[in-house]
Amino acid sequence: MQLIGMLDSPYVRRVAISLHLLGIEYQHLSLSVFRNMPEFRQINPVIKVPTLVCDDGEVLMDSSLILDYLERLVPAERRLLPEALPARQHALRGVGLALAAMEKAVQAFYECQLRPAEARHAPWLARVEEQLNAACGQMEDYLQRHAPQPAALDQASLSMAVAWRFIAERVPEPVPDGAYPLLRAWSRQAETHPAFLACPFE
Ligand SMILES: N[C@@H](CCC(=O)N[C@@H](CS)C(=O)NCC(=O)O)C(=O)O
């Protein structure tokens, strides 16, 4: 099995960290969707990361769909999303917040880095930044009610830590100084976990 994509993508990183936690062997091919387009096109013409090439050659994309597949490869007790309600409902809420934060952070990054300054649309960026801060605020509340368990990482807490690292590295500007202390502290702690260290932000 091959995971394609760079670990600066929060979506790729959440899949890579999950692969480590699930104990699934894989090869990592660190291709950029921008700099390595011709090579990427050969593997996945849609040029999206993460891309997962399964052992039979079938190509999956979208981090949540890839994780859905990967979780089926391990026994229920090793899975990163709880099976039973209400724990699954709570975890899905947390994952949804982390994914929204990732999406808004990536949109803000693309708006500022890919689009020429004269073509930027300020109202759109302001909307995205508001949504990004809303997602962070909701993650902060979530962490208050559901303290992460570093010894038994689940998909919600690992995805929140991955989302925050991306924001801190790539789009720190919209976040007020010192905001979201629980999220910051959790990210710092999660980054010392062996699965995070094995998949460093690049
Ligand atoms: N919902 C998708 C989002 C993946 C995504 O947006 N990946 C970005 C990189 S962070 C990408 O492929 N960008 C290239 C493009 O969209 O053309 C997931 O969860 O995997």
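This short talk walks through the ligand site, two cis peptide bonds, some unusual backbone angles and the cysteines of the structure above.

Before the details, please keep in mind that this is a predicted model, in which local features need pLDDT of at least 70, side-chain atom pairs count only at pLDDT 80 or more, and totals for chains, interfaces and linings use all residues. Residues are numbered from 1 along each chain as its sequence is written, and side-chain values use heavy atoms, with hydrogens and water left out.

Let me start with the ligand. The residues around the ligand, meaning those with a heavy atom within 4 Å of it, are Ser9, Tyr11, Val33, Lys48, Val49, Pro50, Asp62, Ser63 and Tyr110. Among the polar contacts, that is, pairs of N or O atoms within 3.5 Å, a polar side-chain atom of Ser63 sits 2.6 Å from a ligand oxygen, while an N or O atom in the side chain of Asp62 is 3.0 Å from a ligand nitrogen. For Tyr110, too, a side-chain N or O atom lies 3.0 Å from a nitrogen atom of the ligand. Taken alone, the ligand exposes 510 Å², and the protein buries 75% of that, with areas computed by the Shrake-Rupley method and a 1.4 Å probe.

Several of these residues have backbone features to note. Val49 and Pro50 are joined by a cis peptide bond with omega of about 0 degrees, and Pro50 belongs to the loop between α2 (37-43) and β3 (51-53); helices here are DSSP runs of H or I with at least four residues, and strands are runs of E with at least two, numbered from the N terminus. Asp62, in the loop between β4 (59-61) and α3, has a positive phi near 85 degrees although it is not a glycine.

Away from that list, a cis peptide bond runs from Leu85 to Pro86, with omega near 5 degrees. Tyr180, in the loop between α6 (155-170) and α7 (181-190), also has a positive phi, near 60 degrees.

Finally, why does Cys54 form no bond with Cys199? The closest cysteine sulfur to that of Cys54 is the one in Cys199, and at 18 Å it is too far for a bond. Likewise, the sulfur of Cys136 has its closest cysteine partner in Cys112, at 15 Å, again too far for a bond. The structure holds zero disulfides, a disulfide being a pair of cysteine sulfur atoms within 2.5 Å.

Terms used:
A polar contact is a pair of N or O atoms within 3.5 Å; within protein, one must be able to donate a hydrogen and the other to accept it, and residues adjacent in sequence count only if both atoms are side-chain atoms.
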